[in-house]
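Colleague: I'm new to this one and don't quite know where to start. Could you give me a close look at the inside of the protein, and then place that part in the rest of the chain?

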Amino acid sequence: MTGNRWAGHIAVVGLGPVVEHGERPAKSVTGEEFEVAATVFREGHDAVSAAVVLTDPGGFEHQTAMTRVNAGLDAWSATVSADQPGLWSYRVQGWSDPYGTWHHDAVIKVGAGVDVALMLEEGARVLERAVAEVPRTKEQITALANAIVGLRDTAQPPESRLGAGVSAEVRAELAVRPLREYVTSSPEYRLLVERERALYGAWYELFPRSEGAHLDESTGRWRSGTFATAARRLDAVAAMGFDVVYLTPIHPIGVVNRKGRNNSLRAEPSDPGSPYAIGSSEGGHDAIHPDLGTFEDFDSFVGHARQLGLEIALDLALNCAPDHPWVTAHPDWFTTRADGSIAYAENPPKKYQDIYPLNFDNDPEGLYAEIRRIVRVWLDRGVTIFRVDNPHTKPLWLWERLIADVATEQPGTIWLAEAFTRPPMMHALAKVGFQQSYTYYAWRHTRDELQQYCAELAGSAAAYMRPNFWPTTHDILTPFMQHGGQEVWKMRAALAATLSPSYGIYAGYELMERAGRPGAEEQLDNEKYEYKDRRWAERDAAGTTLAPYLTTINEIRRAHPALHRLRNLRFHQADDENVMVFSKSRRLYDRDDVIVVVANLDPQHTRDTWIHLVMPDLGLDWHDRFVAHELITGQHWNWTQHNFVRVGPATEPVHIIHVGPEGITSPR
């Protein structure tokens, strides 16, 4: 065996997925199927075969036979999966296939009456080699031994003798334990296998200080919510079917240059300030804002979340208020301007006078050690996920080192990159270790935009980058959402939840909070700068929330594992350009799970149109008929390849359809 892909008779090239020429590992989660492809060939006309070899963290090898998917291009492929987390590796082996060569030639020559006796004897000798050279049990040898006898049985006609050598039993045995010559292996590539939450989950964002906050009418001042009052909200979040509760920063907030309502430069005494302006005399990133409670209160909050099956994601915002303890203790961790002042954060034309960004050039080791320490503080308190604020404004080496260091102690930790920036940086953050990334989903609205973007995410990028779709965030409220009604808000949530395995909503989405700040793509009266008393009980009692709809969407997601994956996304056709159709399918040990989604991208107007399904993508033949079970309304329809649909206010903005195994029929 050789590692030189050009040495010897067999070439193994064009392997994928390969990330950065093998410098970075490809990624998957436990049980996630993905395709390994390669080009495998040799000189001449002899047959070749190939296999993928996965090596698990314990060093055990798992081999999967590859299929030639394009004979003219010598393209081979196999679908594989890893069954445990950890650092795996994979390679492709190619070899000359003596039995395959003989099989091809013998069928032609014996059928034409050419060199019949010679071909049958050569077949017997190939099978004798297969018995002698490849370890097999007695039962496994039986099929080959019988074939050898049959090939040499001169009492039988040539066709019968040939049939013994090319029988289904022989081919099945040699497919599993082939006779191989000139085995050549590709280089070994790393595969990082992570827990499923790295790919799949429904997120719910909240500001802890707003949950339970209320205006004290006797004083006219707001009273902050606490971890105790925020914990009461967790039951409703869990009941809606969410998996992760994401908390905005919970640390002390700076007083110097504190921002007021709607990002105003002047704060009133009762304004709480932005939780992203971290640090004051009460502490920094390793402290809790005293209004929220104590560490014991935080522990109780986390404990209650765990009882409900919720994971806690904490915002890691490496921002400092001017009165953060680091500013005095470590002024070299910041940028000093020509006039001696410390530079505040800017993203022209935006200015953040209440925030000092960190400078990693002066004391990188000291600053890294402190960041590693504060991360450990929250890991020790039960945080399992970090949503990182603006990671693209920090050096890549920081994230590569930090994520790797944390993984050595707590390998299940997940990192979400909040990086709305240029694609190269977003992809680089994923390659250096971030498990998930925010995306441009909020700004993709037309069918062409969505299909092109999602095809990119579900294609080659899926080997290292996993999207998390958010229709809105506390920073983002697009004009499409500002001017859309209930149908728009339902549609965007349903699309996020079905296109991407991970999606999230920001508290208040249920209430369709869509008042925008003039001239900006964000909410008026932004929660970053004030408390929000949403009066959940009153709104729930009035039936004016989308909570039931979100609950249904999350129930569908949990019931259908096809929606837990990304690489299985396939698009279909609709005559109306405002209607998008896609499917996801997943083979389970006892069944196939197949979902078809039909979405009206202009949901304020009902659309009637024909859709055209690529039936093999659903695991069906082109002329099959099946029962389409609409999971939101419970309706059932009889469908074929071509179907007439109605989506919009007259029905639902999005149909989520299960293609069940029952009711599938093929025309005679």
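Modeller: One bit of bookkeeping first: Lys and Arg count as positive here, Asp and Glu as negative, while His and the chain ends are not counted. On that basis the protein has 66 positive and 88 negative side chains, and the centres of these two sets are 1 Å apart. Keep in mind that you're looking at a predicted model.

Now the setting. The C-alpha trace spans about 110 × 60 × 40 Å along its principal axes, and the secondary structure comes to 16 helices and 32 strands. Of the 668 residues in the protein, 54% are buried. What is left open adds up to an accessible surface of about 28,400 Å², with 51% of it belonging to carbon and sulfur atoms. If you look at contacts with a separation of 6 or more, 75% of them join residues 24 or more positions apart.

So to the inside itself. The largest nonpolar core holds 153 residues, and the ones that touch the most other members are V92, W399, W415, L495 and L499. Helix α14, residues 486-499, gives this core its largest share, with nine residues. There's also a second, separate core of 19 residues, and L127, A147, V170 and L174 are among its members.

W415 is a good one to zoom in on. Once you set aside the neighbours within four places in sequence, W415 is in contact with L316, V375, F386, V388, L402, I403 and V406, as well as F434, Q435 and Q436.

Next, the cysteines. A disulfide is a covalent bond between the sulfur atoms of two cysteines. This structure holds zero of them. C320 counts as buried because its relative accessibility is 0%, and C454 counts as buried too because its value is 3%.

Another buried spot is S280, in the loop between β14 and α7. With a relative accessible area of 3%, S280 falls under the 20% cut-off, so it is buried. Beyond the neighbours within four places in sequence, S280 is in contact with P252, I253 and G254, and also with D323, H324 and P325. For a sense of distance, S280 and T421 are 141 residues apart in sequence and 30 Å apart in space, C-alpha to C-alpha.

The loop between β14 (244-247) and α7 (295-307) is also the place of N262. N262 is partly exposed, because its relative accessible area is 23%. Its backbone is worth a glance as well. Most residues other than glycine have a negative phi, and most peptide bonds are trans. N262, though not a glycine, has a positive phi of about 55°.

You'll find a similar topic back in the loop between β1 and β2, where E20 lies. E20 isn't a glycine either, yet has a positive phi of about 50°. It is partly exposed, because its relative accessible area is 35%. P17 has its place in that loop between β1 (10-16) and β2 (26-29), and the peptide bond leading from G16 to P17 is cis, with omega near 5°.

Notes. Residues are numbered from 1 along each chain as its sequence is written. This is a predicted model: local features need pLDDT of at least 70, side-chain atom pairs count only at pLDDT 80 or more; totals for chains, interfaces and linings use all residues. Side-chain values use heavy atoms; hydrogens and water are left out. A nonpolar core is a set of buried Ala, Val, Leu, Ile, Met, Phe, Trp, Tyr and Cys residues joined through side-chain atoms within 4.5 Å. Buried means under 20% relative accessible area, exposed over 50%, partly exposed in between (1.4 Å probe, protein chains only). Helices (H or I, at least four residues) and strands (E, at least two) are DSSP runs, numbered from the N terminus. Contact means heavy atoms within 4.5 Å. Accessible areas come from the Shrake-Rupley method with a 1.4 Å probe; for residues, only the protein chains shown count as cover. The place of a charge is taken as NZ of Lys, CZ of Arg, CG of Asp or CD of Glu. A disulfide is a pair of cysteine sulfur atoms within 2.5 Å.
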